[in-house]
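Hi,

Here is the structure I said I'd pass on. Have a look at it first, then read my notes underneath.

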Amino acid sequence: MEYKLYNGSGKLCCKSCGKQDKQLNTYDWLADIPGNTEENDLVEVQFKNTRKGYFHNSNKIELEKGDIVAVEANPGHDIGVVTLTGRLVPLQMRKANIKSETDIKRIYRKAKPVDMEKYNEAKEREHATMIRARQIALNLQLNMKIGDVEYQGDGNKAIFYYIADERVDFRQLIKVLADAFRVRIEMKQIGARQEAGRIGGIGPCGRELCCSTWMTSFVSVSTSAARFQDISLNPQKLAGQCAKLKCCLNYEVDCYVEAQKRLPSREIELETKDGVFYFFKADILSNQITYSTDKNIPANLVTISGRRAFEIIGLNKRGIKPDSLSEDSQRPEAKKPVDLLEQESLTRFDRNRKNKNGGENNGRHNGENNDGRNKKKKKNNNGNGRPQNGEQQDALRNNGAKEQARQEQSATGQKQQPKQGQPSQKQGGQQPGQKEARQGERPQQQNNNRRPLRNNTPKPQGERPAANDKPAQA
């Protein structure tokens, strides 16, 4: 069998997407399968807002998603957009509770320019018709609100969508509207949620309203759904744009009801040697319960797991009171996720600035302390240009030489005295006027890596007489 792509683009699933500007858009994931449209002649057609209808393609017209067609209506014809073809249409009909196919009408043709002109003229009259119809209903003192008006494609019929809390007798209203607009009148009552779906909008979650995108059946929502999920009963937060409870309250209520079964009753009190604890709050999904020693105010709050609460309840039934409410073995704290990029910290730039300033200050002090050391290293190099490892080896060799010299000096007991007037061999050198070396002092070998002595600075002559000098006689 030869497979062909009828979309012309050479890619799969191009016809299935269609335009996304229509409400209740249906994704046709069987659009590119060969023989999909030939198996079934049913076609789904969408009209203004969320109104859809199902028709027979009895004339075997080649239709794709997005084509504008003229369909049979009573009376005349209507204009709509094809949203689904092929095998998925019967499934959509079953979802819409359409069981019999005897009442299904047929598709006439693809819309012509003449049909589109009449359609556009009828659409231009819808808003003015709605405003005038509201004024007529107000004059007749009817407790109803006309939310929208939809003209048929040929302009011979108008559908008025209204909202009313009570039963309304609008027989007189139909007569007045027929005389005013000279068309056939049809009245359809819708709910507040359906009106919001027809108008559309953006919800508090930031997405388009569910009732205008994918919801087709509206289930009643009660406040018990909010109680199961521990949501505060705040009407401003629980109500949607339709002034009713949000439909999304029913989405997760089953999960909360199932998780609630793993927690003990809120009326049960836990008795320990420390005292009696009362229920304060619960985190249902994480299976954590917080107890307080006071019924009315939070005092000495202790959070435990549901499993631990059931253990304490079992001990209390046997007449045993545990030492404390918390578990005996403390679990290790869960490691917090590390923010490597520090994108969540508001003070990340302040920390870097402090470190930078501190580094500069430390660098100044360290630089002052290291100036002398750097100068000594330059002197000790003596032009050899040895690396740091070589300097360490020289220091080890000099230390070994020192030890050997000490041993020889202790064995021979020799004493060395520098000649008077001759500078000693100490590091840095001394002038002749300086004190002589004491007897028994160990000779100092030249060590480039050893720190200089504190009192090695030469003293000027004449400042202080030497110990062996005699004062001049008058």
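Below is what turned up in it, starting with how to read the model.

This is a predicted model, so to speak of a local feature we need pLDDT of at least 70, and side-chain atom pairs count only at pLDDT 80 or more, while totals for chains, interfaces and linings use all residues. Residues are numbered from 1 along each chain as its sequence is written, and side-chain values use heavy atoms, with hydrogens and water left out.

Let's begin with the barrel. Five strands close up in the order E1-E2-E5-E3-E4, with mixed pairing. (Strands are DSSP runs of E, at least two residues, and helices are runs of H or I, at least four residues, numbered from the N terminus; two strands pair if DSSP finds at least two bridges between them.) From one strand to the next, the twist averages 55°. Strand E1 (residues 42–46) runs antiparallel to E2, joined by five bridges, and Val43 has Phe55 in E2 as its bridge partner.

Two helices go with these strands. H2 lies across E1, E2 and strand E4 (77–85), at about 60° to E1. (Angles run from 0 to 180 degrees between N-to-C directions, and axes are lines fitted to C-alpha atoms, for helices over the stretch in contact; contact means heavy atoms within 4.5 Å.) Helix H3 (residues 113–124) packs on the sheet, where it touches E3, E4 and strand E5 (105–110), and its direction makes about 105° with that of E4.

Now the second largest pocket, with a volume of about 1,300 Å³. (On a 1 Å grid over the protein atoms alone, a pocket is an open set of points where a 1.4 Å probe fits, with protein on both sides within 12 Å along at least five of seven lines; lining residues have an atom within 4 Å of a point. Points are joined across faces, edges and corners, and the volume is the space filled by probe spheres set on them.) Its lining has 47 residues, with Thr50, Arg51, Lys52, Gly53 and Tyr54 nearest the centre. E2 gives the largest share of that lining, four residues. Domain 1 (12–110) and domain 2 (118–197) each supply at least three; the bounds come from an automatic or database domain assignment.

Further along, E10 (residues 276–283) runs antiparallel to E11 (residues 288–292) through five bridges. Lys281 stands opposite Thr290 in E11. In this hairpin, Asn287 takes a positive phi near 60°.

Cheers
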